[in-house]
Amino acid sequence: MKRTTFLILSLTLLTLASLLGCTGNSGSASGKRVVKIAYLPITHALPVFELKEELEAQDADLQVELVKYGSWPELLDALNTNRVDGASVLIELAMKSKESGIGIKAVALGHKDGNVMIASPEIKTASDLKGKRVSIPHRQSSHNILVNHALEQGGLTIDDVALVELSPPEMPAALASGQIDAYCVAEPFGAIAVSVGAGRVLFTSEELWEDSLCCGLVLTDAFLENRVDDAKEFVEDYKAAGRNLTKERAKEIAIKYLNQKPEVLDISLQWISYDDLEITPEIYDALLQRVKDYGLSDNPPTYEQFVKGQF
């Protein structure tokens, strides 16, 4: 009992630290062309953080203003109402917004892979999940798709578990306290549970879906149409920033912006890459098929409708 209480307290402090992490200078730079980008404090947004750092170091004419949110619904509301120019967001959520008529387009990936399915220590295989409570951050997410893939590994379907939506910071403590039995989530919230012994890695995303898509960089139609040159420059610089994120540099940026312990990030950054952030028709179509297969949407936008690959 004392160990469980300690784990929950430790996990709560770790996740609070992540939410309160440094965001850098969010004020508009005088005389600069500013791109306002919404994000959640997760490793999937590291290319945006890296780009902000690079542009500030260069004193470039184009600058990034970061706007932090605590949940996907809050972020999506800001994106959908043009309070920001773009966002690092769950790509399925953005697809759903596009499907409903919101003027946005995906211009790059946030990362490749970088998700894990974490389970309580007594769960050894996917078949052990039968009848258990499994958490995801949102039904419109790659985490939902990955959970479906994981269950298939054990001969199960989504109907064999109780699916619970929680915000990412809640999940490690919920697992430690026994409120849930497993979860699939963006990093570093999987590594947090592993680092304190509250959970184990049941699957990494590449074991279930190689080169899986999860978060993407999305820009509003208003920004793309009204600031054509800025959009082109921003996207090119963003992709270059991703290529600059070596493991060492990614850890440095994550410590600053996510305020996580180095040992947590050492675990977390094993599972993710940023060197190729292009959204190709092939990888998007693979996502599109899964979105249909697992009931996330019957009529998701096509590549041509949703992705801006050329400027």
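## Helix α3 and its packing

In this predicted model, the buried residues of helix α3 pack against three strands, β1, β3, β4, together with β11 and the helix α4 (91-99). The helix spans residues 72-80, and W72, L75, L76, A78 and L79 are its buried residues. Viewed down the axis of α3, these residues fall within an arc of 160 degrees, so they line one face of the helix.

Just after α3, the backbone at N82 has a positive phi of about 60 degrees.

## The five-strand sheet

Strands β1, β3, β4 and β11, against which α3 packs, belong to an open sheet of five strands with mixed pairing, in the order β2-β1-β3-β11-β4. The edges are formed by β2 (62-68) and β4 (104-109); each has a single partner strand, so one side of each is left without a neighbour in the sheet. On average, and with direction ignored, neighbouring strands of this sheet are turned by 30 degrees against each other.

Within the sheet, β3 (residues 86-90) and β11 (residues 215-220) run antiparallel and are joined by five bridges. In this pairing, G86 stands opposite L219 of β11. Helix α10 (residues 228-243) also packs on the sheet, where it touches β1 (33-39), β2, β4 and β11. The direction of α10 makes about 30 degrees with that of β4.

## Loops with backbone features

Two aspartates have positive phi values. D59, which is not a glycine, has a positive phi of about 50 degrees. D59 lies in the loop between α2 (46-58) and β2, the strand at one edge of the sheet. With a relative accessible area of 52%, D59 passes the 50% cut-off and therefore counts as exposed.

For D211, phi is positive and near 55 degrees, again in a residue other than glycine. D211 sits in the loop between α8 (205-208) and β11. Its relative accessibility is 32%, so D211 is classed as partly exposed.

A cis peptide bond joins E187 and P188, with omega at about 20 degrees. P188 is placed in the loop that runs between β9 (182-186) and α7 (189-195).

## N259 and P41

N259 is located in the loop between α11 (247-258) and α12 (262-268). Its relative accessibility of 41% makes N259 partly exposed. Along the chain, N259 and P41 are 218 residues apart, while their C-alpha atoms are separated by 9.3 Å.

## The chain as a whole

The protein chain contains 14 helices and 12 strands. Its radius of gyration is 19 Å, close to the 19 Å given by the globule rule for 311 residues, so the chain is as compact as a globular protein of that length. Taken along the principal axes, the C-alpha atoms fill a box of roughly 55 × 40 × 30 Å.

Of the 311 residues in the chain, 57% are buried. Among contacts with a separation of 6 or more, 81% are between residues 24 or more positions apart. The chain exposes about 12400 Å², and carbon and sulfur atoms supply 48% of that area.

Terms used: Residues are numbered from 1 along each chain as its sequence is written. This is a predicted model: local features need pLDDT of at least 70, side-chain atom pairs count only at pLDDT 80 or more; totals for chains, interfaces and linings use all residues. Side-chain values use heavy atoms; hydrogens and water are left out. Helices (H or I, at least four residues) and strands (E, at least two) are DSSP runs, numbered from the N terminus. Buried means under 20% relative accessible area, exposed over 50%, partly exposed in between (1.4 Å probe, protein chains only). Two strands pair if DSSP finds at least two bridges between them. Axes are lines fitted to C-alpha atoms, for helices over the stretch in contact, and angles run from 0 to 180 degrees between N-to-C directions. Contact means heavy atoms within 4.5 Å. The arc is that of the directions from the helix axis to the C-beta atoms. The radius of gyration is taken over C-alpha atoms; the globule rule is 2.2 Å times the number of residues to the power 0.38. Accessible areas come from the Shrake-Rupley method with a 1.4 Å probe; for residues, only the protein chains shown count as cover.
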